[in-house]
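Open the model in your viewer and keep the selection panel at hand. The tour goes stop by stop, with something to select at each one.

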Amino acid sequence: MTALSLSNKNKKKRQDMVFPIVNALFLVLLMFITLYPVINTVAYSFNEGTDALRGNIGLWPRVFSLKSYESILSDNAVYQAAWISASKTVIITLLNLFWTGMLAFALSRREYVLRKFITTVMVLTMYINAGLIPNYLLISKTLGLSKSYWVYIVPTMFSCFNMIVIRTYIAGLPDALVESARIDGAGDIRVYWQIIFPLCMPVMATVALFVAVGSWNSWFDTHLYCGGQKQLHSLQYLLKMKLATTQASANAAKTSAEALKSTTQTTPITIRCAITVISTVPILVVYPFLQKYFVTGMALGSVKG
């Protein structure tokens, strides 16, 4: 009887180990599938241009070269554009969190009689959009923000979707926190900044990451409003123009021996991969600091307690 019991326990133990092993193998495979395109892009960016045209580069550059990065970083305009992108990303993120968070707190209060009406009106703006031309006329003609640094800031200071996300999170917090603070004499502003805001760090970090990534990757606003102002070019727009120039040089190289000689070290594919790496690095640097809050914020509403 004891031997049979031990046999059943060992069998059950082996069965219990099957799932963790299969799960671990699946996750390793998924990690490789996810990371391979990233590593392959980095390998191409560090590969010599002409050799990269042959293809079949795996996880390591076949002919190591820094010419693609030198071609991009040798232009002093890149550093000015990087400053524009970084500064506007920081300012937009801070202002978006400030205005969006405070309005979300106001609309989460049940005693505010207009909260349903204002929320409905703002949600309608997510479904009804006037289109590109009216937006362009509003920003460039009516507001006069064209060819100005403020064209990056003013139209993006608030997000209705982010407001709804933050408001939903605040509505899930215990009302007793606000009531106890008001009994002690705290006003709405003090309640928000000293009680609600610290408790909203997970959702704030999630929204901050969304806003920062969107602002950092934005280039079309530069194309529309600041295309002729070189001092206001964002990094993404400048890199896009750099890629277009490289592509044009590559096309000319087909009929020009001199152009072919000048493009042997860099080709559109290596420039494109180098641009991808340069554009991604800042976000990869910031993400680890927000990961703890980001994971919590993404689980909003999944657990009720």
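**The whole chain**

Start with the surface. The accessible surface of the chain comes to about 19000 Å². Carbon and sulfur atoms account for 68% of that area. This is a predicted model.

Switch to a cartoon. The chain has 15 helices and zero strands. Of its 305 residues, 33% are buried. Now turn to the contacts between residues at least 6 apart in sequence: 70% of them join residues at least 24 apart.

Colour by pLDDT next. The mean over the chain is 82, and 84% of the residues reach 70 or more. Where does pLDDT stay under 50? One stretch is residues 259-263, for which the model has five contacts beyond four places in sequence. Another is residues 300-305, with three such contacts.

**Stop 1: Asn40 in helix H1**

Select Asn40. This residue sits in helix H1, which covers residues 2-45. Asn40 is buried, at a relative accessible area of 14%. Now show what lies around the side chain. Setting aside residues up to four places away in sequence, Asn40 touches Ile57 and Gly58. Draw a distance from Asn40 to Gly58, C-alpha to C-alpha: the viewer should give 5.8 Å, for two residues 18 apart along the chain.

**Stop 2: Ser65, between H2 and H3**

Move on to Ser65. Look in the loop between helix H2 (49-52) and helix H3 (67-73). Is Ser65 buried or exposed? Ser65 counts as buried because its relative accessible area is 8%, below the 20% cut-off.

Show the side chain. A polar atom of the Ser65 side chain lies 3.2 Å from the backbone nitrogen of Lys67. Then find Gly49, which is 16 residues from Ser65 in sequence. Their C-alpha atoms are 8.2 Å apart.

**Stop 3: Ser85 in helix H4**

Go to helix H4, residues 77-108, and pick out Ser85. Its relative accessible area is 0%, so Ser85 is buried. What does the Ser85 side chain reach at 2.7 Å? The partner is the backbone nitrogen of Leu235. Expand the selection to the contacts. Beyond four places in sequence, Ser85 touches Trp216, Ser234, Leu235 and Gln236.

**Stop 4: Lys147, between H6 and H7**

Select Lys147. The residue lies in the loop between helix H6 (132-142) and helix H7 (150-153). Lys147 is exposed, with a relative accessible area of 56%.

Check the backbone here. Most residues other than glycine have a negative phi. Lys147 is not a glycine, yet its phi is positive, at about 60°.

Now add the neighbours. Leaving aside residues within four places in sequence, Lys147 is in contact with Tyr225, Cys226, Gln229 and Leu232. Take Cys226 from that group: its C-alpha is 4.9 Å from that of Lys147, although the two are 79 residues apart in sequence.

**Stop 5: helix H8**

Select residues 160-171, which form helix H8. H8 has twelve residues. From first C-alpha to last, H8 reaches 16 Å, close to the 16 Å expected at 1.5 Å a residue.

Show the buried side chains of H8: Cys160, Asn162, Met163, Ile166, Tyr169 and Ile170. What do they pack against? Their partners are H4, helix H5 (115-127), H10 and H11.

**Stop 6: helix H10**

Finish with helix H10, residues 188-199. H10 has twelve residues and reaches 15 Å from its first C-alpha to its last, close to the 16 Å expected at 1.5 Å a residue.

Select the buried residues of H10, namely Val191, Tyr192 and Ile196. Then look down the helix axis. The buried residues of H10 fall within an arc of 95°, so they line one face of the helix. The general geometry helps here: an α-helix has 3.6 residues a turn, so residues three or four places apart point the same way.

Turn to the face of H10 directed away from the buried side. Exposed residues Ile189, Arg190 and Gln194 are carried there.

Last, bring up the surroundings. The buried residues of H10 pack against H4, H8, helix H9 (175-183) and helix H11 (201-217). Two of these helices were earlier stops: Ser85 sits in H4, and the buried residues of H8 in turn pack against H10.

Methods. Residues numbered from 1 in each chain as written. Predicted model: local features only at pLDDT ≥ 70, side-chain atom pairs only at ≥ 80, totals over all residues. Heavy atoms only, no water. Helix = DSSP H or I, 4+ residues; strand = E, 2+ residues; numbered from the N terminus. Buried < 20%, exposed > 50% of the residue type's maximum accessible area, 1.4 Å probe, protein only. Polar contact = N/O pair within 3.5 Å; in protein donor to acceptor, adjacent residues only side chain to side chain. Contact = heavy atoms within 4.5 Å. Expected span 1.5 Å × (residues − 1). Arc of directions from axis to C-beta. pLDDT = per-residue confidence, 0-100. Areas by Shrake-Rupley, 256 points an atom, 1.4 Å probe, with all protein chains shown as cover.
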